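Open the model in your viewer and keep the selection box handy. We will go from stop to stop, and at each one you will hear what to select and what is there.

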Amino acid sequence: MDEAVKEFYVWAPRLMDMGINLLVALLILGIGWWVSSLLGGWVRRAATRSPKIDPTIVPMFSTTVIWAVRIFTVIAVLARFGVQTASLIAVLGAAGLAVGLALQGTLQNIAAGIMLLILRPIRAGEYIALSSGADGTVEEVGLFLTRLVQGDGIHMTLPNSTVWNATITNYSRNKTRRLDIPVPVRYGDDLDAVVAKLQQIVDARPDALKDPAPQVKVFDYKENGVTVNVRVWAEAGKYWDLRWSLYQEIRRSLEEAGFQAPIPLREIQNPKTGAAAS
C-alpha cells in the first residue's frame, strides 16, 4: 500500500503537468484556428473593399494568411510538448523536397498561378478565350486552379498551368471593341443607295461610337453579289447587344427599301443549242 502511494505521489505531478500541457495545447490550437479564420475573413473583406486591389488575388492572399497562421499554431503546440521544432522543420523541409519532386505538376500549377497574378493577363470578371478551346468569364484565379463561368452558365475549372501555357484572348480588357458585319448585295442593285442606307442605319445608332467613326465600304466580290462591310466601334459591355440588333435592323431595312438578299445563280449550257439558262 505504501509503495502504491509513493508511486502515486511520483506520477501525480507528471500527470498533472501532462494534463495541463494537453489543455493548453488544445487551447492554443483552438485559438490559432479561430484567429486564422478571423484574419482570413478580415483580409478578404478588406481587400474586397479596396478599389486598388485586384479581386483576382484576394482568394490566394486570404488562403496564404490562413495557412501561415495555422502552421505557426501547430509548431507552437508541438513545442508545448517538448518537441524540437528546429529538427522538425528540417525534417519537414526534406519531406517537402521529396513531395515537391513527386508533385511537379502541382508545383507547376502554383508557379503558373503566381505568374498569372503578377503579370495579370486575366482578372476576375473578364471574359476570355483560350487556344485550348475553353472560354468564359473569370471567376477566380486560385493557388492551383482557375475557375471560369461559361456563357451558358456552366462552371469550368482549369489547372493554372493550362491557362498559363495557352494563348489567351481577353475580350474585356479594352474598353471598346470593333464590330464588322458583312452585308451581301445583289448584282444589279444600286450599290451607292445600299451604302447610303447602311451608313444612315449605323449613324442613327446611339450605342455605336462616333470616334472612331462608323464606316461602310465595299469589301469583296462574290459569285452571287457584292459584299459591303459595316464597321462600327462599341463599348465592350454593349458589343453583343449592338451586334444582334444591327444584324436584324440591316436586313429588315434593306428589304423595306426594296433590296432583296442575293440568291446563288448557276448558268447551264445546252450542248445541243449552245443556249444558256439560269
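Helices (H or I, at least four residues) and strands (E, at least two) are DSSP runs, numbered from the N terminus. This is a predicted model, so local features need pLDDT of at least 70 and side-chain atom pairs count only at pLDDT 80 or more, while totals for chains, interfaces and linings use all residues. Residues are numbered from 1 along each chain as its sequence is written, and side-chain values use heavy atoms, with hydrogens and water left out.

Begin with the whole protein chain, coloured by secondary structure: seven helices and ten strands. Of its 278 residues, 27% count as buried (under 20% relative accessible area; exposed is over 50% and partly exposed in between, with a 1.4 Å probe and protein chains only). Taking contacts (heavy atoms within 4.5 Å) between residues at least 6 apart in sequence, 62% join residues at least 24 apart.

Now to the loops. Select proline 212, in the loop between α6 and β7 (215-222). The peptide bond that joins aspartate 211 to proline 212 is cis, with omega about 0°.

Next, select arginine 120, in the loop between α4 (104-119) and β1. Arginine 120 is not a glycine, yet its phi is positive, about 50°. With 30% relative accessibility, this arginine is partly exposed.

Time for the rings. How many aromatic pairs does the structure hold? There are four, where a pair means rings of Phe, Tyr and Trp (its six-membered ring) with centres within 6.5 Å; planes under 30 degrees apart are stacked, over 60 edge-to-face and the rest tilted. Select tyrosine 127 and tyrosine 171, one of these pairs: the centres are 5.8 Å apart and the planes stand at 50°, a tilted arrangement. Tyrosine 127 belongs to strand β1 (residues 127-130) and tyrosine 171 to the loop between β5 (168-170) and β6 (176-185), so the pair ties together parts that are 44 residues apart in sequence. Both rings belong to partly exposed residues, at 28% relative accessible area for tyrosine 127 and 32% for tyrosine 171.

Move on to tryptophan 240 and tryptophan 244, whose ring centres are 5.7 Å apart with planes at 35°, so this pair is tilted too. The two lie in helix α7 (residues 239-256), four residues apart, about one turn of the helix. Is each one exposed or partly exposed? Tryptophan 240 is partly exposed at 43%, and tryptophan 244 is exposed at 56%. Add Tyr239 to the selection, and you have a cluster of Tyr239, Trp240 and Trp244 linked by ring pairs.

Stay with tyrosine 239 and show arginine 177, which lies over the face of the ring, 3.7 Å from its centre. A charge sits over a ring if NZ of Lys or CZ of Arg is within 6 Å of the ring centre and within 35 degrees of the ring normal. For another case, select arginine 70: its charged end sits over the ring of tryptophan 67, 4.9 Å from the centre.

For the last stop, show helix α6 (residues 191-203) with α7: their axes come within 11 Å and cross at roughly 140°. Axes are lines fitted to C-alpha atoms, for helices over the stretch in contact, and angles run from 0 to 180 degrees between N-to-C directions. The two helices are therefore oblique to each other (under 35 degrees is roughly parallel, over 145 roughly antiparallel, 65 to 115 roughly perpendicular and the rest oblique). Finally, show side chains where they meet: Val194, Lys197, Leu198, Ile201 and Val202 in α6, against Leu246, Glu249, Ile250, Ser253 and Leu254 in α7.
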